Amino acid sequence: MTAAQATLAFCNSETSTESEIEELRAITRLVVFARESAAILDAHQTVYCLDLALEQIATELRHRADNSGDVAGYFKDAITRQ
């Protein structure tokens, strides 16, 4: 378990989700900076790998957005039943 996961375990789900998204944004900024630096140095293989990393981050964010939509629908149905 990473330190980030251990920290998130103590947060409530809403704060945890916001923290995770903020961490993914920070990682994205870091990868973009590294990619731009690699491009300046003409490190083509590194640029390619960092492009793949950015695509995976985007996929992860889409996945989390899809899941949070499902959760929102579930809560909406639960409130309606009450």
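A residue counts as partly exposed when its relative accessible area falls between the buried range, under 20%, and the exposed range, over 50%. Glu 22 is therefore partly exposed, because its relative accessible area is 38%. With that in hand, let us walk through the rest of the chain. Please keep in mind that this is a predicted model.

**The overall layout**

The protein chain contains 3 helices and 0 strands. Read from the N terminus, its elements follow the order α-α-α. Of the 82 residues in the chain, 10% are buried. The accessible surface of the chain is about 6,600 Å², and carbon and sulfur atoms account for 60% of that surface.

**How confident is the prediction?**

The mean pLDDT of the protein chain is 75, and 62% of the residues reach at least 70. Among the elements, helix H1 (residues 3–9) has the lowest mean pLDDT, 46, while H2 has the highest, 87. The pLDDT stays below 50 over residues 1–12, a stretch that has 7 contacts in the model beyond near neighbours in sequence. Residues 70–75 also have a pLDDT below 50, but this stretch has 0 contacts beyond near neighbours in sequence. Where pLDDT is low, the predicted coordinates should not be read in detail.

**The nonpolar core**

Which residues form the largest nonpolar core? That core has 5 residues, namely Val 31, Ala 38, Val 47, Leu 50 and Ile 57. Helix H2 (13–40) and helix H3 (44–81) each contribute at least two residues to this core. H3 supplies the largest share of the core, with 3 residues. In soluble globular proteins, nonpolar side chains tend to be buried together.

Ile 57 is a good place to look at the surroundings of one core residue. Leaving aside residues up to four places away in sequence, Ile 57 touches Leu 24, Ile 27, Thr 28 and Val 31.

**Salt bridges**

Side chains of opposite charge can pair when their charged atoms come close. How many salt bridges does the structure hold? There are 5 salt bridges in the structure, and the table lists some of them.

| Salt bridge | Distance, N to O |
|---|---|
| Glu 20 and Arg 64 | 2.5 Å |
| Glu 60 and Arg 64 | 2.8 Å |
| Arg 25 and Glu 22 | 3.8 Å |

Glu 20 and Arg 64 pair through their side chains. Glu 20 belongs to helix H2 and Arg 64 to helix H3, so this pair ties together parts that are 44 residues apart in sequence. Glu 60 and Arg 64 are both found in helix H3, 4 residues apart, or about one turn of the helix. Glu 20, Glu 60 and Arg 64 are thus members of a linked network of salt bridges.

Are these three residues buried or partly exposed? Glu 20 counts as partly exposed because its relative accessibility is 23%. Arg 64 is partly exposed too, at a relative accessible area of 29%, and Glu 60 is partly exposed at 27% relative accessibility.

Back at Glu 22, the partner is Arg 25. Arg 25 and Glu 22 are 3 residues apart in helix H2, so about one helical turn separates them. Arg 25 is partly exposed, with a relative accessible area of 47%.

**One more residue of H2**

Ile 21 also sits in helix H2. Ile 21 is partly exposed, since its relative accessible area is 28%. Ile 21 and Ala 65 are 44 residues apart in sequence, and their C-alpha atoms are 9.9 Å apart in space.

How values were computed
Residues numbered from 1 in each chain as written. Predicted model: local features only at pLDDT ≥ 70, side-chain atom pairs only at ≥ 80, totals over all residues. Heavy atoms only, no water. Core = buried A, V, L, I, M, F, W, Y, C linked by side-chain atoms within 4.5 Å. Buried < 20%, exposed > 50% of the residue type's maximum accessible area, 1.4 Å probe, protein only. Contact = heavy atoms within 4.5 Å. Areas by Shrake-Rupley, 256 points an atom, 1.4 Å probe, with all protein chains shown as cover. pLDDT = per-residue confidence, 0-100. Salt bridge = Lys/Arg side-chain N within 4 Å of Asp/Glu carboxyl O.
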